[in-house]
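Colleague: I am new to this model and would like a close look at one part of it. Please start with a single residue and then work outwards from there.

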Amino acid sequence: MEYPEEVVAISKKGKREVRSLIDKGKFVRYEYLDPETGKKSENKIKLVLINDGKIKEEYFVIPLKQKNKFLLIKAENKPNRKLWDNEKKMVVDLL
């Protein structure tokens with residue numbers, strides 16, 4: 001099949017590959033804080049992918065010892081939840 005050159009990428013092995021869209025949407029990232037101190041309680045972040053206003057997938061983002069390397073662990077999709085917006089100092093909806 002013929003694809004436009006602007007969608008073709010070259011892998012590290014020199015293989016030509018087409019970048020093909022799976023879907024588009026928004027995302028939300030949040031971290032966990034200790035409720036008594038307000039400081040990060042663990043070094044993990046949750047990434048929620050949203051498509052058409054619905055939660056598509058959720059992942060824990062865990063930093064590895066190597067610089068700028070992260071492990072994504074698929075998490076169970078949970079119903080809507082509330083988050084604390086530290087800038088606005090108020091509760092906000094996930095979506």
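Does N68 count as buried or exposed, and at what relative accessibility?

Modeller: One caution before the answer. This is a predicted model.

N68 counts as exposed, because its relative accessibility is 63% and the cut-off for exposed is over 50%. Find N68 in the loop between β5 and β6. Its backbone is worth a look. The phi of N68 is positive, near 60 degrees, and N68 is a residue other than glycine. Most residues other than glycine have a negative phi.

Now take the hairpin around N68. β5 and β6 form this hairpin, with six residues between the strands. The two strands run antiparallel, and six bridges join them. β5 covers residues 54-63, and β6 covers residues 70-75. For one pair to find on screen, take Y59, which stands opposite K74 in β6.

Step back along the chain to another hairpin. Here β4 and β5 are the partners, with two residues between them. In that turn, D52 has a positive phi of about 55 degrees. Seven bridges join β4 to β5, and these strands also run antiparallel. I45 has V61 in β5 as its bridge partner.

K89 offers another positive phi. Its value is near 55 degrees, again in a residue other than glycine. K89 sits in the loop between β7 and β8. K89 counts as exposed, because its relative accessibility is 53% and the cut-off is over 50%.

Next, go inside. The largest nonpolar core has seven residues: V28, Y30, V48, I50, I55, L83 and L94. β3 and β4 each supply at least two residues of this core. Look at I55, one of the seven. Set aside its neighbours within four places in sequence. I55 then touches V48, L49, N77, K78, N80, R81, L94 and L95. Two of those contacts, V48 and L94, are listed in the core as well.

Some of the core residues also turn up at the largest pocket. This pocket holds about 430 Å³ of space. Its lining has 13 residues, and the closest to its centre are Y30, E31, L33, L83 and W84. Y30 and L83 from that list belong to the core too. What is the lining made of? Six of its residues are nonpolar, one is polar and six are charged. β3 (26-33) and β7 (82-85) each supply at least two of them. β3 gives the most, with five residues.

Finish with E31, which is in strand β3 and among the residues closest to the pocket centre. E31 is partly exposed, because its relative accessible area is 38%, in between the cut-offs of 20% and 50%. Beyond its neighbours within four places in sequence, E31 is in contact with K40, K44 and I45. I45 is the residue paired with V61 in β5. For a sense of distance, compare E31 with S11. They are 20 residues apart in sequence, and their C-alpha atoms are 33 Å apart in space.

Definitions and conventions. Residues numbered from 1 in each chain as written. Predicted model: local features only at pLDDT ≥ 70, side-chain atom pairs only at ≥ 80, totals over all residues. Heavy atoms only, no water. 1 Å grid on protein atoms, 1.4 Å probe; cavity = no way out; pocket = protein on both sides within 12 Å on 5 of 7 lines; lining within 4 Å. Points joined across faces, edges and corners; volume = space filled by probe spheres on them. Helix = DSSP H or I, 4+ residues; strand = E, 2+ residues; numbered from the N terminus. Nonpolar A, V, L, I, M, F, W, Y, C, P; charged D, E, K, R; others polar. Core = buried A, V, L, I, M, F, W, Y, C linked by side-chain atoms within 4.5 Å. Buried < 20%, exposed > 50% of the residue type's maximum accessible area, 1.4 Å probe, protein only. Contact = heavy atoms within 4.5 Å. Pairing = 2+ DSSP bridges.
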